[in-house]
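Visitor: I am new to this structure and should like to learn how to read it. Might we go through it one feature at a time?

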Amino acid sequence: MVEGSWRDLLVEINRLPNPPFLIVTTRLADEHFWAEALNFGAYDVLAKPFDSTELTRTLLSACMHRRKTSATGAARCAQLTDVA
């Protein structure tokens, strides 16, 4: 991000009528950071370096959650699960 932080982005995203999920990535993930990110509205936190299995698991989990709450999300999830 050029300006701002993940916190600023979450505040702006959560103002949207149907906000997308935001997955925060960081090298310095600890319990405090994880709790802070979730409290600000992040879907999940991935500690760098993360592997493709962890990324896929997180994306599919977010997709399944979105599928339960949105018709548009269901269509996008179908595309993702076809790739995975």
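**Reading the helices, the core and the charged pairs**

Guide: Let us begin just after helix α2, where Gly-41 takes a positive phi of about 110°. Please keep in mind throughout that this is a predicted model.

Visitor: Which residues of α2 are buried?

Guide: Phe-33, Glu-36 and Ala-37 are the buried residues of α2. Viewed down the axis of α2, they fall within an arc of 95°, so they line one face of the helix. Glu-31 and Asn-39, on the other side of α2, are exposed.

Visitor: What do the buried residues of α2 pack against?

Guide: They pack against α1, β1 (23–26) and β2. Ala-37 offers a detailed view: leaving aside residues up to four places away in sequence, Ala-37 touches Trp-6, Leu-10, Val-24, Ala-42 and Val-45.

Visitor: How should one read a nonpolar core?

Guide: In soluble globular proteins, nonpolar side chains tend to be buried together. Here the largest nonpolar core has nine residues, namely Trp-6, Leu-10, Ile-13, Leu-22, Val-24, Phe-33, Ala-37, Ala-42 and Val-45. At least two residues of this core come from each of α1 (6–13) and α2 (31–39). The largest share, three residues, is supplied by α1.

Visitor: How does one read the faces of a longer element, such as α3?

Guide: An α-helix has 3.6 residues a turn, so residues three or four places apart point the same way. Helix α3 covers residues 52–69, 18 residues in all, and reaches 26 Å from its first C-alpha to its last, close to the 26 Å expected at 1.5 Å a residue. Within α3, Thr-58, Ala-62, Cys-63 and Arg-66 are buried. These buried residues fall within an arc of 135° when seen down the axis of α3, so they line one face of the helix. Thr-53, Met-64 and Lys-68 are exposed on the other side of α3.

Visitor: What is found at the start of α3 and of α2?

Guide: At the start of α3, a side-chain oxygen of Asp-51 reaches to within 3.2 Å of the backbone nitrogen of Thr-53. At the start of α2, a side-chain oxygen of Asp-30 reaches to within 3.2 Å of the backbone nitrogen of His-32.

Visitor: How many salt bridges does the structure hold?

Guide: Side chains of opposite charge can pair when their charged atoms come close. This structure holds four salt bridges. One of them joins Arg-7 and Glu-36, whose closest N and O atoms are 2.9 Å apart. That pair links distant parts of the chain, with Arg-7 in helix α1 and Glu-36 in helix α2, 29 residues apart. Another salt bridge joins the side chains of Glu-12 and Arg-15 (2.8 Å, N to O). Of these two residues, Glu-12 is partly exposed at 45% relative accessible area, whereas Arg-15 is exposed at 59%.

Visitor: Which residues are linked in a network of salt bridges?

Guide: Asp-44, Glu-54 and Arg-57 are linked in this way. Between Arg-57 and Glu-54, the side chains meet at 3.0 Å, N to O. Because they are three residues apart in helix α3, Arg-57 and Glu-54 are separated by about one helical turn.

Visitor: Is Asp-44 buried or exposed?

Guide: Asp-44 counts as buried, because its relative accessibility is 12% and the cut-off for buried is under 20%. Asp-44 lies in strand β2 (residues 44–47), and its side chain makes a polar contact with the side chain of Arg-57 (3.5 Å).

Key. Residues numbered from 1 in each chain as written. Predicted model: local features only at pLDDT ≥ 70, side-chain atom pairs only at ≥ 80, totals over all residues. Heavy atoms only, no water. Helix = DSSP H or I, 4+ residues; strand = E, 2+ residues; numbered from the N terminus. Expected span 1.5 Å × (residues − 1). Buried < 20%, exposed > 50% of the residue type's maximum accessible area, 1.4 Å probe, protein only. Arc of directions from axis to C-beta. Polar contact = N/O pair within 3.5 Å; in protein donor to acceptor, adjacent residues only side chain to side chain. Core = buried A, V, L, I, M, F, W, Y, C linked by side-chain atoms within 4.5 Å. Contact = heavy atoms within 4.5 Å.
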